Amino acid sequence: MTPLSISIRKDFNVSLYGFSGVAATEDWSGTGKSLMDHLWHEVRTQKLPNKGINIWVYDEGKRLFTGVELTAPPPAGSALESRAITLPRYAYYKHIGPYTEMKSTYEAAREEFKRVGINAHLPYVEIYGHWTDDQSKLETELLWSIS
């Protein structure tokens with residue numbers, strides 16, 4: 001497999017609102033979809049203005065947080081959890097293509113990290129671009145925390 005064009009970046013910060021859960025059986029996509037459905041139900045029901053970009057954050061203990069940036073905090077009593085993400089240094093790659101091909105991108109990234117001596121660790125962040133029916137054009141930004 002050809003090495004990926006991974007760039008090293010600094011200072012990623014985002015404030016999200018959403019829901020967290022545990023992918024107990026490592027069903028990341030199923031867990032994420034369930035959390036996203038719950039998130040978007042809350043956002044639509046409360047008519048919360050947002051940036052419309054889904055962001056998934058992977059943590060220790062098989063924890064997954066799915067969220068969205070709101071343009072204003074939700075009202076008091078909202079079920080949405082808040083989460084601030086800060087990555088002082090991170091490896092960045094933009095995956096273009098179907099989500100089903102992301103597993104091979106992760107494998108290539110791990111090989112590239114090993115080859116160049118990058119120590120990646122959690123949290124790991126996926127930023128999903130806007131949906132298009134042409135899955136070959138789907139864009140997902142991948143951010144790995146690095147030491």
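Here are five short exercises with worked solutions on this predicted model.

**Exercise 1. Trace the barrel**

Task: Work out in which order the strands of the closed barrel run, and how they pair.

Solution:
- Step 1: Begin with the whole ring. Six strands form a closed barrel in the order β1-β3-β2-β5-β6-β4, and the pairing is antiparallel. From one strand to the next, the twist averages 45°.
- Step 2: Look at β1 and its partner β4. These two strands are antiparallel and share eleven bridges. To find the pairing on screen, pick I8, whose bridge partner in β4 is A91.
- Step 3: Move on from β4 to β6. Seven bridges join this antiparallel pair, and I96 stands opposite E139 of β6.

**Exercise 2. Get to know β3**

Task: Find the strands that pair with β3 through six bridges and through five bridges, and say whether β3 is mostly covered or not.

Solution:
- Step 1: The six bridges link β3 to β1, in the antiparallel sense. Within this part of the model, G18 has G67 of β3 as its bridge partner, while F19 is matched with T66.
- Step 2: The five bridges link β3 to β2, again antiparallel. Here D59 has R63 as its bridge partner in β3.
- Step 3: Now look at the hairpin of β2 and β3. Three residues sit between the strands, and G61 takes a positive phi near 70°.
- Step 4: Check the covering. Five of the six residues of β3 are buried, so the strand counts as mostly covered, given that buried means under 20% relative accessible area.

**Exercise 3. Place the helices**

Task: Determine which strands α1 lies across and which strands α2 touches.

Solution:
- Step 1: Start with α1, which lies across β1, β2 and β3 and runs at about 35° to β3.
- Step 2: Turn to α2. This helix packs on the sheet and touches β4, β5 and β6, with its direction making about 35° with that of β6.
- Step 3: Now pick out S29, a residue of α1. S29 has a relative accessible area of 53%, and is exposed because that value is over the 50% cut-off.
- Step 4: Compare positions along the chain and in space. S29 and Y99 are 70 residues apart along the chain, and their C-alpha atoms are separated by 9.9 Å.

**Exercise 4. Look into the core**

Task: Identify the residues with the most contacts inside the largest nonpolar core, then list what L39 touches.

Solution:
- Step 1: The largest nonpolar core holds 28 residues, and I6, L39, L80, L142 and W144 have the most contacts inside it.
- Step 2: Ask which elements build this core. Those giving two or more residues are β1 (7-22), α1 (28-45), β2 (54-59), β3 (63-68), β4 (81-96), α2 (102-116), β5 (120-128) and β6 (139-146).
- Step 3: Zoom in on L39. Leaving out residues up to four places away in sequence, L39 touches Y17, G18, F19, T66, G67, V68 and L80.
- Step 4: Search for another core. One of 14 residues lies apart from the largest, with F12, V14, I55 and I127 among its members.

**Exercise 5. Explore the largest pocket**

Task: Describe the space in the largest pocket and its lining.

Solution:
- Step 1: The largest pocket contains about 1200 Å³ of space.
- Step 2: Its lining has 34 residues, and W56, Y58, Y106, E126 and Y128 lie nearest the centre.
- Step 3: Sort the lining by element. α1, β2, α2 and β5 each give two or more residues, and α1 gives the most, with eight.

How values were computed: Residues are numbered from 1 along each chain as its sequence is written. This is a predicted model: local features need pLDDT of at least 70, side-chain atom pairs count only at pLDDT 80 or more; totals for chains, interfaces and linings use all residues. Side-chain values use heavy atoms; hydrogens and water are left out. A nonpolar core is a set of buried Ala, Val, Leu, Ile, Met, Phe, Trp, Tyr and Cys residues joined through side-chain atoms within 4.5 Å. Buried means under 20% relative accessible area, exposed over 50%, partly exposed in between (1.4 Å probe, protein chains only). Helices (H or I, at least four residues) and strands (E, at least two) are DSSP runs, numbered from the N terminus. Contact means heavy atoms within 4.5 Å. Two strands pair if DSSP finds at least two bridges between them. Axes are lines fitted to C-alpha atoms, for helices over the stretch in contact, and angles run from 0 to 180 degrees between N-to-C directions. On a 1 Å grid over the protein atoms alone, a cavity is a set of points where a 1.4 Å probe fits but cannot get out, and a pocket is an open set with protein on both sides within 12 Å along at least five of seven lines; lining residues have an atom within 4 Å of a point. Grid points are joined across faces, edges and corners, and a volume is the space filled by probe spheres set on the points.
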